[in-house]
Amino acid sequence: MFIAMNRFKVAHGSEADFEHVWKSRDTHLNEVPGFVEFHLLKGPVREDHTLYSSHTIWRDKASFEGWTKSEQFRKAHQDAGNRKTLYLGHPEFEGFEVVQTVTKE
């Protein structure tokens, strides 16, 4: 399994608009082989921003890399440049290969 995360520092007062963009867009994720699950996470409020993270679970790293090279990825991100006023700086990507999973029995 592979987990892909992007952190966003959303400017105060832009939280509702930021969430609306994510909730209303067509992600095209269900069309991509290896996609498992997506979460938009709202984190702590800091002095100048609220921290958010997109959290996507993939069957494996190759599936994630396939997504980043796909037409669905281009469609899902086509308006990303128009949203720069909502957050501070660039999103910060973090990718993780899962080495252990514990589930409730």
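Here is a quick tour of the aromatic rings in this structure, with tryptophan 22 as our main stop.

Keep in mind that the model is predicted. Searching the whole structure turns up 13 aromatic pairs. Take phenylalanine 18 and tryptophan 22: their ring centres are 6.0 Å apart and their planes meet at 50°, so this pair is tilted. Both residues belong to helix 1 (residues 15–24), and since they are 4 residues apart there, about one helical turn separates them.

Tryptophan 22 has a second partner to look at. Its ring and that of phenylalanine 38 have centres 5.7 Å apart and planes at 10°, so these two are stacked. This pair ties together distant parts of the chain, because tryptophan 22 is in helix 1 while phenylalanine 38 is in strand 2 (residues 35–45), 16 residues apart.

How much of each of these three residues is accessible? Here's the rundown:

| Residue | Relative accessible area | Class |
|---|---|---|
| Phenylalanine 18 | 2% | buried |
| Tryptophan 22 | 16% | buried |
| Phenylalanine 38 | 26% | partly exposed |

The cut-off for buried is under 20%, so tryptophan 22 at 16% makes it into that class, whereas phenylalanine 38 at 26% counts as partly exposed.

Tryptophan 22 also has a charged visitor: the charged end of arginine 25 sits over its ring, 4.3 Å from the ring centre.

Elsewhere, there's an aromatic cluster to find in the 3D view. Phe2, Phe35, Trp58, Phe64, Trp67, Phe73 and Phe93 make up this one cluster.

Terms used. Residues numbered from 1 in each chain as written. Predicted model: local features only at pLDDT ≥ 70, side-chain atom pairs only at ≥ 80, totals over all residues. Heavy atoms only, no water. Phe/Tyr/Trp six-rings, centres within 6.5 Å; stacked < 30°, edge-to-face > 60°. Helix = DSSP H or I, 4+ residues; strand = E, 2+ residues; numbered from the N terminus. Buried < 20%, exposed > 50% of the residue type's maximum accessible area, 1.4 Å probe, protein only. Lys NZ or Arg CZ within 6 Å of the ring centre and 35° of its normal.
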